[in-house]
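Biologist: Please put the sequence and the model on screen, and then I will ask about single residues, a sheet and some charged pairs.

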Amino acid sequence: MKALTKKWVAVAGAACIVMGSTQIVQAADTALKALAVQIKLFAGDTEVKLDKDAVTINGSLYVPVRAMGEALGQEVAWDSKNKKVTLREYPYVAGKYTWTNPPSLGLGLKEGGFSGLAHMPGDPDNVFYTLADRGPNGQITIDKTVNRTFPVQDYVPRFYKIKLEGSSVNILETTKLLLPEGTKGVVSGSRFTTGLSNIASDEKSYDNAGKTLLPLDPDGLDLEGIAYSPTDDTFWMSDEYRPSLIQLKRDGTIISRYVPVGDKTKLANAQIPVIESIPAVYSKRIVNRGFEGVTISPDGKFLYASIQSPMAVPDKATGEASRNLRILKMDLATKKLVGEYVYVAEDAKSFVNVSQKDVVISDLQALSDDVLLVDERDKNEGAAAQIKRVYRIDLAKATNILNNAAVSGNVEGTSDWKALNVTTAPKELVVDLTTLDYPFEKFEGLTVLNKNTLVIANDNDFGVGEYDANGVLKITDKQTQVWVIKVKEMW
């Protein structure tokens, strides 16, 4: 047969709609069975599997609407109350939820900034875990120097258990991160950690006026991603500073911090146990472009972490011009790295007003061992946004470059992968959020509910805006939202 058309689906849908009560449906079903015909239907070159046989009535062919809708990449919904069949083309937004009344942090600032997202096995479909980063921070120019300000200096990095209800994001639990029992932070003076920079080579932390330098905190964290380990009931979070990976208990107590080789000595007086297990080259990450995404395979065996941007290898200029990012794989049974792979971001030259250094990875989501979703985005927002995409990748089809010295030093600067005998992670587009009028810059949280459902979240930067001419911080009205998006089958 020829390829199927939407017209056929409409006819089949109409046939279903006229069936009213249960008795009518049963009678019609009996009659239709007598009219069933054994045919094969194709959508292009792919045979459509029907749950019921097609039928002919008065010379017209009728086929099951659900099978036809799925073959055309559409969701078929049956409204039994109104006796209505609805076909919706993927992808589409199934729900939007807003954090409408976040708690105050002082200075007109409120909690916010969902930098990651995770759904725990066994939880209801409207319950998730998310986290915020290092806290409200801005940039002010003092004597022609741009300084990073921390208006709320006692802010404690935290994560949330949230519930989507009606059109709102409701906070069920807020958990602040704690240093190990019996310890006190060198800056906080308590078991709480801070969001302040770790070492002198980091971006320096200033007070709200941008003039007073704040102390360095070897336990300070800029958290960007969250994942749950079902094998030992712990969370893992990605940190942008070092970069590092943090393992912690449900109550927020940090168990350990995994950093690049050579970084432990830089973190003198740290209260968190520091383990050097990440390749030393990762300490060459561009400032504020450390680990962003983290995810754990559904069976709990492997953790994956992504660097936000190409690194300064051999130098910052090379990194900012590069499209090549790295993804690490850790065996959670041994806490040893077993893989490193190259992910090639979109070419900024193919877009309008997009800088290559601003094309980044913001989150990961494991669908199975080695098959991941990648959140790739640019720095633009609203109508100016060019890249707000989710890609599916299969690392089993990519080259593992871990411990390959000949490749490791050339990742950021190369475009000739064939010469290096390297296969980069193959990409398959799942959804382009710009087609759904996604308004936010920082699409930073990504998780899945099932094979057809993505859930995403944005970081609103705590509503921090610009400083005016008098050095007063402006507060924006940017919202924190969670969207539920229906897509074609992802596995």
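**Residues, strands and charged pairs**

Biologist: Is Thr-46 buried or exposed?

Modeller: Thr-46 has a relative accessibility of 53%. Relative accessible area under 20% is called buried, over 50% exposed, and in between partly exposed, using a 1.4 Å probe and protein chains only. Thr-46 is therefore exposed.

Biologist: What kind of model is this?

Modeller: Residues are numbered from 1 along each chain as its sequence is written, and side-chain values use heavy atoms, with hydrogens and water left out. Local features need pLDDT of at least 70, side-chain atom pairs count only at pLDDT 80 or more, and totals for chains, interfaces and linings use all residues, since this is a predicted model.

Biologist: How far apart in space are Thr-46 and Ala-71?

Modeller: Thr-46 is found in strand S3, residues 46–48; strands (E, at least two residues) and helices (H or I, at least four) are DSSP runs, numbered from the N terminus. Ala-71 is 25 residues from Thr-46 in sequence. Their C-alpha to C-alpha distance is 8.7 Å.

Biologist: Is Thr-253 buried or exposed?

Modeller: Thr-253 sits in the loop between strand S20 (244–248) and strand S21 (254–260). Contact means heavy atoms within 4.5 Å, and Thr-253 touches Leu-178, Leu-179, Pro-180, Arg-191, Gln-247 and Leu-248, leaving aside residues up to four places away in sequence. Its relative accessible area is 6%, so Thr-253 is buried.

Biologist: Which are the edge strands of the open sheet S27-S28-S29-S30?

Modeller: This sheet has 4 strands with antiparallel pairing; two strands pair if DSSP finds at least two bridges between them. An edge strand pairs on one side only, and that describes S27 (360–368) and S30 (427–432).

Biologist: What is the average twist from one strand to the next in that sheet?

Modeller: The angles run from 0 to 180 degrees between N-to-C directions, with axes being lines fitted to C-alpha atoms, for helices over the stretch in contact. The average twist is 25 degrees.

Biologist: Which residue in S30 stands opposite Val-390?

Modeller: Strand S29 (residues 388–394) runs antiparallel to S30, and 5 bridges join the two. The residue of S30 that faces Val-390 is Val-431.

Biologist: Why does the pair Lys-427 and Glu-346 tie together parts of the chain, and how many residues separate them?

Modeller: A salt bridge is a side-chain nitrogen of Lys or Arg within 4 Å of a carboxyl oxygen of Asp or Glu, and in this pair the closest N and O atoms are 2.6 Å apart. Lys-427 belongs to strand S30, whereas Glu-346 belongs to the loop between S26 (336–344) and S27, so the parts tied together are 81 residues apart in sequence.

Biologist: Which strand holds Arg-392, the partner of Glu-428?

Modeller: The closest N and O atoms of this salt bridge are 3.9 Å apart. The pair links distant parts of the chain, 36 residues apart, with Glu-428 in S30 and Arg-392 in strand S29.

Biologist: Which helix holds both Glu-320 and Lys-316?

Modeller: The side chains of these two residues meet in a salt bridge at 3.9 Å, N to O. Glu-320 is partly exposed, at 27% relative accessibility. The two residues are 4 apart, about one turn of the helix, and both lie in H4 (residues 316–321).
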